[in-house]
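Work through the exercises below with the sequence and the model side by side, and try each task before reading its solution.

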Amino acid sequence: MNGLLDLYWTFVKIGCVTFGGGYAMLPILERELVEKRHWTTMDDLRDYFSIGQCTPGIIALNVSTFIGQKRAGIKGAVVSTTGFLTGPILIILLIASFLQNFAQLAVIQHAFAGIRVCVCVLIIQAVLRLWKKSVVDGVTLALYLMIFVLNAFSGVLPVQLPAAVLVILAGVLGIVASTIKNRRAAAGKAGGGK
(Lines give C-alpha, C1' and ligand atoms only; values in the text may rest on other atoms or scores of the structure.)
Protein backbone atom coordinates (compact mmCIF):
# COMPACT_ATOMS: atom_id res chain seq x y z
CA MET A 1 0.00 0.00 0.00
CA ASN A 2 2.88 2.39 0.77
CA GLY A 3 4.25 1.85 -2.73
CA LEU A 4 0.92 2.83 -4.30
CA LEU A 5 0.63 5.92 -2.10
CA ASP A 6 4.18 6.89 -3.04
CA LEU A 7 3.30 6.51 -6.73
CA TYR A 8 0.13 8.57 -6.27
CA TRP A 9 1.75 11.48 -4.40
CA THR A 10 4.78 11.55 -6.68
CA PHE A 11 2.58 11.93 -9.73
CA VAL A 12 0.26 14.42 -7.98
CA LYS A 13 3.34 16.64 -7.50
CA ILE A 14 4.50 16.12 -11.08
CA GLY A 15 1.01 16.72 -12.46
CA CYS A 16 0.76 20.03 -10.59
CA VAL A 17 3.72 21.43 -12.53
CA THR A 18 2.75 20.12 -15.97
CA PHE A 19 3.22 23.29 -17.96
CA GLY A 20 4.06 23.22 -21.65
CA GLY A 21 3.26 19.62 -22.42
CA GLY A 22 5.33 16.47 -22.42
CA TYR A 23 8.64 17.70 -23.76
CA ALA A 24 8.75 20.58 -21.31
CA MET A 25 8.18 17.97 -18.60
CA LEU A 26 11.19 15.83 -19.55
CA PRO A 27 13.67 17.59 -17.22
CA ILE A 28 11.21 17.36 -14.30
CA LEU A 29 10.45 13.70 -14.97
CA GLU A 30 14.15 12.93 -15.34
CA ARG A 31 15.02 14.62 -12.05
CA GLU A 32 12.13 13.06 -10.12
CA LEU A 33 11.94 9.56 -11.62
CA VAL A 34 15.51 8.84 -12.78
CA GLU A 35 17.81 10.81 -10.48
CA LYS A 36 15.84 11.13 -7.23
CA ARG A 37 13.71 7.96 -7.03
CA HIS A 38 15.60 5.65 -9.43
CA TRP A 39 12.30 4.25 -10.71
CA THR A 40 13.54 4.13 -14.29
CA THR A 41 16.57 4.88 -16.42
CA MET A 42 17.01 7.77 -18.84
CA ASP A 43 16.99 5.28 -21.73
CA ASP A 44 13.65 3.85 -20.58
CA LEU A 45 12.26 7.35 -20.03
CA ARG A 46 13.18 8.27 -23.63
CA ASP A 47 11.48 5.08 -24.82
CA TYR A 48 8.35 5.96 -22.81
CA PHE A 49 8.38 9.41 -24.43
CA SER A 50 8.63 7.84 -27.88
CA ILE A 51 5.77 5.45 -27.20
CA GLY A 52 3.78 8.22 -25.50
CA GLN A 53 4.16 10.35 -28.63
CA CYS A 54 2.61 7.56 -30.74
CA THR A 55 -0.31 6.86 -28.43
CA PRO A 56 -3.35 9.04 -27.72
CA GLY A 57 -3.14 11.40 -24.78
CA ILE A 58 -0.65 13.67 -23.10
CA ILE A 59 2.93 12.39 -23.28
CA ALA A 60 3.71 13.00 -19.59
CA LEU A 61 0.43 11.30 -18.60
CA ASN A 62 1.32 8.28 -20.71
CA VAL A 63 4.75 8.19 -19.07
CA SER A 64 3.11 8.19 -15.63
CA THR A 65 1.02 5.20 -16.72
CA PHE A 66 4.09 3.33 -17.99
CA ILE A 67 6.06 4.03 -14.79
CA GLY A 68 3.14 2.98 -12.59
CA GLN A 69 2.73 -0.26 -14.53
CA LYS A 70 6.45 -0.97 -14.28
CA ARG A 71 6.42 -0.36 -10.50
CA ALA A 72 3.16 -2.07 -9.49
CA GLY A 73 1.38 -3.58 -12.47
CA ILE A 74 -2.15 -2.53 -13.45
CA LYS A 75 -2.88 -1.08 -9.99
CA GLY A 76 0.25 1.05 -10.25
CA ALA A 77 -0.73 2.26 -13.71
CA VAL A 78 -4.17 3.32 -12.49
CA VAL A 79 -2.81 4.97 -9.33
CA SER A 80 -0.04 6.84 -11.19
CA THR A 81 -2.43 8.03 -13.89
CA THR A 82 -4.98 9.16 -11.30
CA GLY A 83 -2.27 10.95 -9.32
CA PHE A 84 -1.02 12.72 -12.42
CA LEU A 85 -4.55 13.90 -13.31
CA THR A 86 -5.55 15.05 -9.80
CA GLY A 87 -3.52 18.28 -9.72
CA PRO A 88 -4.29 19.52 -13.24
CA ILE A 89 -8.01 18.85 -12.87
CA LEU A 90 -8.16 20.81 -9.62
CA ILE A 91 -6.02 23.63 -11.02
CA ILE A 92 -8.09 23.85 -14.23
CA LEU A 93 -11.33 23.96 -12.24
CA LEU A 94 -9.90 26.71 -10.05
CA ILE A 95 -8.60 28.73 -12.99
CA ALA A 96 -11.82 28.26 -14.97
CA SER A 97 -13.78 29.60 -12.00
CA PHE A 98 -11.82 32.85 -11.90
CA LEU A 99 -10.17 33.35 -15.30
CA GLN A 100 -13.20 34.83 -17.01
CA ASN A 101 -13.26 37.62 -14.44
CA PHE A 102 -9.52 38.36 -14.48
CA ALA A 103 -8.23 37.43 -17.98
CA GLN A 104 -8.18 41.04 -19.15
CA LEU A 105 -6.01 42.27 -16.27
CA ALA A 106 -2.53 43.30 -17.37
CA VAL A 107 -0.89 41.33 -14.54
CA ILE A 108 -2.58 38.09 -15.71
CA GLN A 109 -1.55 38.70 -19.33
CA HIS A 110 2.05 39.38 -18.23
CA ALA A 111 2.02 36.21 -16.11
CA PHE A 112 0.94 34.16 -19.15
CA ALA A 113 3.68 35.81 -21.25
CA GLY A 114 6.25 34.82 -18.62
CA ILE A 115 4.92 31.27 -18.45
CA ARG A 116 5.16 30.95 -22.26
CA VAL A 117 8.83 31.99 -22.16
CA CYS A 118 9.54 29.48 -19.39
CA VAL A 119 7.81 26.71 -21.36
CA CYS A 120 9.97 27.52 -24.41
CA VAL A 121 13.12 27.21 -22.29
CA LEU A 122 11.95 23.87 -20.84
CA ILE A 123 11.18 22.51 -24.32
CA ILE A 124 14.58 23.62 -25.67
CA GLN A 125 16.29 21.98 -22.69
CA ALA A 126 14.37 18.74 -23.33
CA VAL A 127 15.25 18.81 -27.04
CA LEU A 128 18.96 19.29 -26.25
CA ARG A 129 18.94 16.40 -23.77
CA LEU A 130 17.14 14.13 -26.22
CA TRP A 131 19.53 15.20 -28.99
CA LYS A 132 22.63 14.29 -26.96
CA LYS A 133 21.32 10.82 -26.16
CA SER A 134 19.54 10.04 -29.45
CA VAL A 135 21.61 11.46 -32.32
CA VAL A 136 24.75 9.44 -31.69
CA ASP A 137 26.13 8.60 -35.15
CA GLY A 138 25.78 9.33 -38.85
CA VAL A 139 22.79 7.03 -39.28
CA THR A 140 20.76 8.66 -36.50
CA LEU A 141 21.76 12.12 -37.79
CA ALA A 142 20.57 11.19 -41.30
CA LEU A 143 17.33 9.82 -39.86
CA TYR A 144 16.86 13.00 -37.82
CA LEU A 145 17.44 15.23 -40.85
CA MET A 146 15.06 13.21 -43.03
CA ILE A 147 12.23 13.25 -40.48
CA PHE A 148 12.87 16.94 -39.73
CA VAL A 149 12.62 17.87 -43.43
CA LEU A 150 9.47 15.76 -43.90
CA ASN A 151 7.88 17.44 -40.88
CA ALA A 152 9.12 21.00 -41.47
CA PHE A 153 8.12 21.07 -45.12
CA SER A 154 4.94 18.99 -44.89
CA GLY A 155 2.91 22.09 -45.82
CA VAL A 156 4.55 22.32 -49.25
CA LEU A 157 4.87 18.60 -49.97
CA PRO A 158 2.16 16.99 -52.14
CA VAL A 159 1.26 14.66 -49.26
CA GLN A 160 1.17 15.76 -45.63
CA LEU A 161 2.37 13.11 -43.22
CA PRO A 162 0.82 13.09 -39.74
CA ALA A 163 3.22 13.02 -36.78
CA ALA A 164 2.20 9.44 -35.95
CA VAL A 165 3.21 8.31 -39.45
CA LEU A 166 6.58 10.06 -39.07
CA VAL A 167 7.17 8.35 -35.73
CA ILE A 168 6.30 4.93 -37.19
CA LEU A 169 8.48 5.64 -40.24
CA ALA A 170 11.39 6.60 -37.98
CA GLY A 171 10.90 3.41 -35.97
CA VAL A 172 10.88 1.23 -39.09
CA LEU A 173 13.96 2.98 -40.50
CA GLY A 174 15.68 2.57 -37.12
CA ILE A 175 15.00 -1.18 -37.24
CA VAL A 176 16.27 -1.41 -40.83
CA ALA A 177 19.44 0.57 -40.02
CA SER A 178 20.11 -1.54 -36.92
CA THR A 179 19.60 -4.78 -38.85
CA ILE A 180 22.00 -3.67 -41.58
CA LYS A 181 24.57 -2.57 -38.98
CA ASN A 182 24.29 -5.89 -37.10
CA ARG A 183 24.66 -7.91 -40.34
CA ARG A 184 27.74 -5.93 -41.34
CA ALA A 185 29.24 -6.45 -37.88
CA ALA A 186 28.51 -10.18 -38.06
CA ALA A 187 30.01 -10.41 -41.56
CA GLY A 188 33.08 -8.49 -40.34
CA LYS A 189 33.55 -10.93 -37.46
CA ALA A 190 33.06 -13.94 -39.74
CA GLY A 191 35.51 -12.51 -42.29
CA GLY A 192 38.04 -11.58 -39.61
CA GLY A 193 37.89 -15.03 -38.04
CA LYS A 194 39.02 -16.82 -41.21
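**Exercise 1.** Find how many disulfides the model holds, and account for the cysteines C16 and C120.

*Solution.* A disulfide is a covalent bond between the sulfur atoms of two cysteines. Here it is taken as a pair of cysteine sulfur atoms within 2.5 Å, and by this rule the count comes to zero. For C16, the closest cysteine sulfur belongs to C118 and lies 16 Å away, so the distance is too great for a bond. C120 is in no disulfide either, since the nearest cysteine sulfur, again that of C118, is 9.2 Å away. This is a predicted model, in which local features need pLDDT of at least 70 and side-chain atom pairs count only at pLDDT 80 or more, while totals for chains, interfaces and linings use all residues. Residues are numbered from 1 along each chain as its sequence is written, and side-chain values use heavy atoms, with hydrogens and water left out.

**Exercise 2.** Decide whether C16, C120, E30 and H38 are buried, partly exposed or exposed.

*Solution.* Buried means under 20% relative accessible area, exposed over 50%, and partly exposed in between (1.4 Å probe, protein chains only). C16, at 30%, is therefore partly exposed, and C120, at 46%, is partly exposed as well. E30 has 12% and so counts as buried, whereas H38, at 60%, counts as exposed.

**Exercise 3.** Place E30 and H38 in the fold, and list the contacts of E30.

*Solution.* E30 sits in helix α2, residues 21–36, where a helix is a DSSP run of H or I with at least four residues, numbered from the N terminus. Leaving aside residues up to four places away in sequence, E30 touches E35, M42, L45 and R129, contact meaning heavy atoms within 4.5 Å. H38 belongs to the loop between α2 and α3 (42–54), and its phi is near 55°, a positive value in a residue other than glycine.

Key: Helix = DSSP H or I, 4+ residues; strand = E, 2+ residues; numbered from the N terminus.
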